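Colleague: Could you take a close look at one part of this model for me, the helical packing, and then place it among its surroundings? I would like a connected account rather than a list.

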Amino acid sequence: MTVSSAPGKVYLLGEHAVVYGEPAMLCAIDRRATVTATARDDDRIRVQARDLTIDGFSVEYGDGVVDESTDIDVPHPLIEAAVGYVDGAVEQVKEVVDTTGFTITIESEIPLGAGLGSSAAVVVAAIDAATREMGVELTPEEIAQRAYRVEYDVQDGQASRADTFCSAMGKAVRVEGDDCRPIEESPELPFVIGFDGGAGDTGTLVAGVRSLKEEYEFAADTVETIGNIVRTGERAITTEDQQELGRLMNFNHGLLSALGVSSRSLDAMVWAARDAGAFGAKLTGAGGGGCIVALDPTPDTATALQYTPGCEETFRAELDHDGVRVES
Ligand code: MEV
């Protein structure tokens with residue numbers, strides 16, 4: 001039995017635009033997915049999961065086809081998505097080691113599909129745990145590369161390397177196309193997360209931005225402008241200018257909203273954070289529902305979010321310096 005974990009993330013700036021080769025900056029946060037891999041004597045893959053903010057589930061399948069659901073009658077679409085990511089991770093493992101079956105157990109502190117990188121963290125931790133279980137040690141960069149291929153396939157070829165690279169490496173990272181690198185001197189930023197209890201479908205949201213971009217030149221310009229916001233943010237991050245970063249996050253949220261990926265509850269939380277005095281706030285990840293991230297060193301934003309209609313949970317998040325790591 002081998003146990004690995006990997007962190008979730010927030011997008012400081014640049015989601016969606018990063019899919020089209022614009023830069024993005026992300027920070028790993030101290031909420032992790034933990035995966036236990038145990039080799040089996042047969043060729044079956046058994047996936048068990050707990051704490052995915054949906055009731056626990058357990059499915060067993062061979063050759064990637066879910067053929068039995070033991071704990072729940074109707075698998076939740078998000079659970080099916082999680083199984084799809086694990087399936088992809090196991091396919092990657094099979095490219096590296098000669099193996100048959102695994103029991104994979106997932107425990108996660110990261111809500112599914114909420115913009116905090118749950119799927120990337122599960123895939124990264126699963127690849128690490130399963131390869132180590134078979135005696136092979138991949139570097140975090142190799143894991144990031146393989147995890148990216150899983151996200152790329154599951155999201156029908158519409159994925160950037162950002163989420164998987166950040167989860168594998170930890171700290172703050174900058175991603176632009178194939179150029180992925182940790183940001184030296186990753187800043188300790190005062191993140192406050194607001195979660196509306198919902199989730200967005202990344203594939204659908206990415207496809208929506210793509211079609212807007214193809215139809216309207218101003219939508220394509222909006223995507224480019226998000227890239228320019230990120231370039232401006234690079235200066236602010238090196239000088240740890242939180243006020244400037246907050247201003248840029250506000251700008252970035254407005255443009256994501258214009259691209260149709262915000263929602264009423266995300267907007268309400270963003271405005272509540274700003275009204276409470278946060279330096280800035282924006283949705284994080286694909287959008288459509290899920291989480292916002294605000295910068296606020298005081299307790300004011302967290303308190304205001306607790307009373308914001310549509311906000312189900314709020315918490316502070318710290319930068320996680322560790323990427324994928326062995327737990328046992
Ligand atoms: C999803 O967390 C972030 C997106 O930019 C998609 C991607 O980068 O693959 C929306």
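Modeller: What follows goes through the helix contacts one pair at a time and then turns to some individual residues. Please keep in mind throughout that this is a predicted model.

I begin with helix α2, which runs over residues 118-133. Its 16 residues should span 22 Å at 1.5 Å a residue, and because the end C-alpha atoms are in fact 22 Å apart, the two figures agree. As to its surroundings, 15 of the 16 residues of α2 are buried, so the helix is largely enclosed by the rest of the structure. After α2 comes Gly-135, which has a positive phi, near 85 degrees.

One partner of α2 is helix α4, and the axes of these two helices come within 9 Å and cross at roughly 55 degrees. That angle makes α2 oblique to α4, and the crossing is right-handed. On the α2 side the residues involved are Ala-120, Ala-121, Val-123 and Val-124, and these meet Asp-163, Thr-164, Ser-167 and Ala-168 in α4. Sorted by character, the residues of this contact are five nonpolar, two polar and one charged. The spacing of such contact residues can be read against a general point: an α-helix has 3.6 residues a turn, so residues three or four places apart point the same way.

Helix α4, residues 162-169, also packs against helix α3, residues 140-154, at an angle of about 150 degrees and with the axes 8 Å apart. Since angles over 145 degrees count as roughly antiparallel, α3 and α4 are therefore roughly antiparallel to each other. The crossing of α3 and α4 is right-handed. From α3 the contact draws on Pro-140, Ile-143, Ala-144, Ala-147, Tyr-148 and Glu-151, while α4 supplies Asp-163, Thr-164, Phe-165, Ala-168 and Met-169. These residues divide into eight nonpolar, one polar and two charged. In α4, then, Asp-163, Thr-164 and Ala-168 take part in the contact with α3, and Asp-163, Thr-164 and Ala-168 are also among the residues met by α2.

Two residues in strands can be set beside this helical region. Ala-28, in strand β2 (residues 24-40), is buried, with 30 other C-beta atoms within 10 Å. Leaving aside neighbours within four places in sequence, Ala-28 has contacts that include Cys-166 and Ser-167, along with Pro-7, Lys-9 and Leu-319. Ser-167 is one of the α4 residues that α2 meets. Along the chain Ala-28 and Arg-46 are 18 residues apart, and their C-alpha atoms are separated by 28 Å. Thr-2, in strand β1 (residues 2-13), is likewise buried, with 20 other C-beta atoms within 10 Å. With neighbours within four places in sequence again left aside, Thr-2 is in contact with Ala-37, Ala-129, Arg-132 and Glu-133. The C-alpha atoms of Thr-2 and Glu-95, 93 residues apart along the chain, are separated by 19 Å.

A further helix pair is formed by α6 and α7, whose axes come within 10 Å and cross at roughly 165 degrees. These helices are therefore roughly antiparallel to each other, and their crossing is left-handed. The contact involves Thr-222, Thr-225, Ile-226, Ile-229, Thr-232, Gly-233, Ala-236 and Ile-237 of α6, together with Glu-244, Leu-245, Leu-248, Phe-251, Asn-252, Leu-255 and Ala-258 of α7. Nine of the residues in this contact are nonpolar, five are polar and one is charged.

The loop between α6 (217-238) and α7 (242-258) holds Glu-240, a residue other than glycine whose phi is positive, near 50 degrees. As a general background, most residues other than glycine have a negative phi. Glu-240 counts as exposed, with 12 C-beta neighbours inside 10 Å. A positive phi, near 55 degrees, is also found at Glu-185, which sits in the loop between β8 (179-182) and β9 (191-195). Glu-185 is exposed too, with 10 other C-beta atoms within 10 Å.

Finally, Arg-264 lies in helix α8 (residues 264-275) and counts as exposed, with 11 C-beta neighbours inside 10 Å. The C-alpha atoms of Arg-264 and Thr-99, 165 residues apart along the chain, are separated by 47 Å.

Key
Residues are numbered from 1 along each chain as its sequence is written. This is a predicted model: local features need pLDDT of at least 70, side-chain atom pairs count only at pLDDT 80 or more; totals for chains, interfaces and linings use all residues. Axes are lines fitted to C-alpha atoms, for helices over the stretch in contact, and angles run from 0 to 180 degrees between N-to-C directions. Helices (H or I, at least four residues) and strands (E, at least two) are DSSP runs, numbered from the N terminus. Angles under 35 degrees count as roughly parallel, over 145 as roughly antiparallel, 65 to 115 as roughly perpendicular and the rest as oblique. A crossing is left-handed if the near helix is turned anticlockwise from the far one by less than a right angle, and right-handed if clockwise. Two residues are in contact if their C-beta atoms, placed from the backbone, lie within 7 Å. Ala, Val, Leu, Ile, Met, Phe, Trp, Tyr, Cys and Pro count as nonpolar, Asp, Glu, Lys and Arg as charged, and the others, Gly among them, as polar. The expected span of a helix is 1.5 Å times one less than its number of residues.
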